[in-house]
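Subject: Structure handover

Hi,

Here is the structure for you to load. My notes follow below it.

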Amino acid sequence: METFFRGSKKVTLIDLSDCLSNKTSSFEPNAHKIDYLTHEQSLTVSNKLFGLEKEDWPEGHGWAAENVTLSTHSGTHVDAPYHYGPTSGGEAAKTIDQVPLQWCFGNGVVLNMTHKKAGESITDEEVLHELQRIEYEIKPYDIILIRTDTSKNFSQPGYDKMHAGLSRNATQLLVEKGVRLIGIDAWGLDRPFDVMTAEAKRGNREQLWESHFYGKEREYLQIERLANLELIPVPFGFTVIAFPVKIEGASAGWSRVVAVLEEG
């Protein structure tokens, strides 16, 4: 959290993104790897590319750099409609580079669902009850953040199985009210795959990835792997910035998601 003054206005920035590292790769189902090139190691590269020696560089230091191998769905990221299927509403589904920026910048609303247990479904009735509790009526392009506090377990094995997930009916409710971006501080917006898979094998296939697949009918975006929602001091009255990295034809893009609170 960072607080500063811009003129007479007090601005607070809350980082809602998790941090990828080689440590997180040990438990993240979407494996990733970061290779670090130090200021000293880059001297070999600069010699090969440019014929420069160590003494040619100030203080004998070249550049630092990293080579990263990861999925577009690793870490805090925004899912594009194309992730859910090739079409949405009968038209070609948008990839992440085609998503309107307006969808990723707007008024934030936190819905507290921390009472829900792992594997449980968050229903439309529960969403409506929480909106009534905080006395808020959803407006078009609001950015809805589902707080489960699962992010507190981000460094633990099995993190991807610890959350409650949004039901299709709850997702539909939000999208039909004009919401285009829904975020959650958990591995996924739907319930964990182990729960959905077990139910599908018992014959209940309609619930499998139901919130994601609703995006085949009406376009919307998801932010997955949010963090620090508990640090936002109000349920609404703040701005969310969640611009995804622009990757041609991709189903998702990494995002440094930030909540902005202003006073004065």
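**Helix α2**

In α2 (residues 124-134), the buried residues are Asp124, Val127, Glu130, Leu131 and Ile134. Buried means under 20% relative accessible area, exposed over 50%, and partly exposed in between (1.4 Å probe, protein chains only). Helices (H or I, at least four residues) and strands (E, at least two) are DSSP runs, numbered from the N terminus. The buried set spans an arc of only 125 degrees around the axis, so these residues sit on the same side of α2. That arc is taken over the directions from the helix axis to the C-beta atoms. Glu125, His129, Gln132 and Arg133 are exposed on the other side of α2. Cover for the buried residues of α2 includes β8 (105-112), β9, β11, α3 and β14 (236-241). Just after α2, Glu135 has a positive phi of about 60 degrees.

**Basis**

This is a predicted model: local features need pLDDT of at least 70, side-chain atom pairs count only at pLDDT 80 or more, and totals for chains, interfaces and linings use all residues. Residues are numbered from 1 along each chain as its sequence is written, and side-chain values use heavy atoms, with hydrogens and water left out.

**α2 against α3**

The axes of α2 and α3 (residues 168-176) come within 7 Å and cross at roughly 50 degrees. Axes are lines fitted to C-alpha atoms, for helices over the stretch in contact, and angles run from 0 to 180 degrees between N-to-C directions. The crossing makes α2 oblique to α3. Angles under 35 degrees count as roughly parallel, over 145 as roughly antiparallel, 65 to 115 as roughly perpendicular, and the rest as oblique. From α2, Asp124, Val127 and Leu128 make the contact; from α3, Asn169, Ala170, Leu173 and Leu174 do. Contact means heavy atoms within 4.5 Å.

In α3, Ala170, Thr171, Leu173, Leu174 and Val175 are buried. They pack against β9 (121-122), α2, β10 (143-147), β11 (165-166), β12 (181-184) and α5 (210-214). Gly178, just after α3, has a positive phi of about 100 degrees.

**Asn30**

Asn30 is in the loop between β2 (9-15) and β3 (33-37). Its relative accessible area is 22%, so Asn30 is partly exposed. Ser71 is 41 residues away along the chain, yet the two C-alpha atoms are 6.3 Å apart. Beyond neighbours within four places in sequence, Asn30 contacts Ser71, His73, Ser74, Trp187 and Arg225.

**Cysteines**

Cys19 is exposed at 59% relative accessibility. Cys104 is buried at 1%.

Best regards
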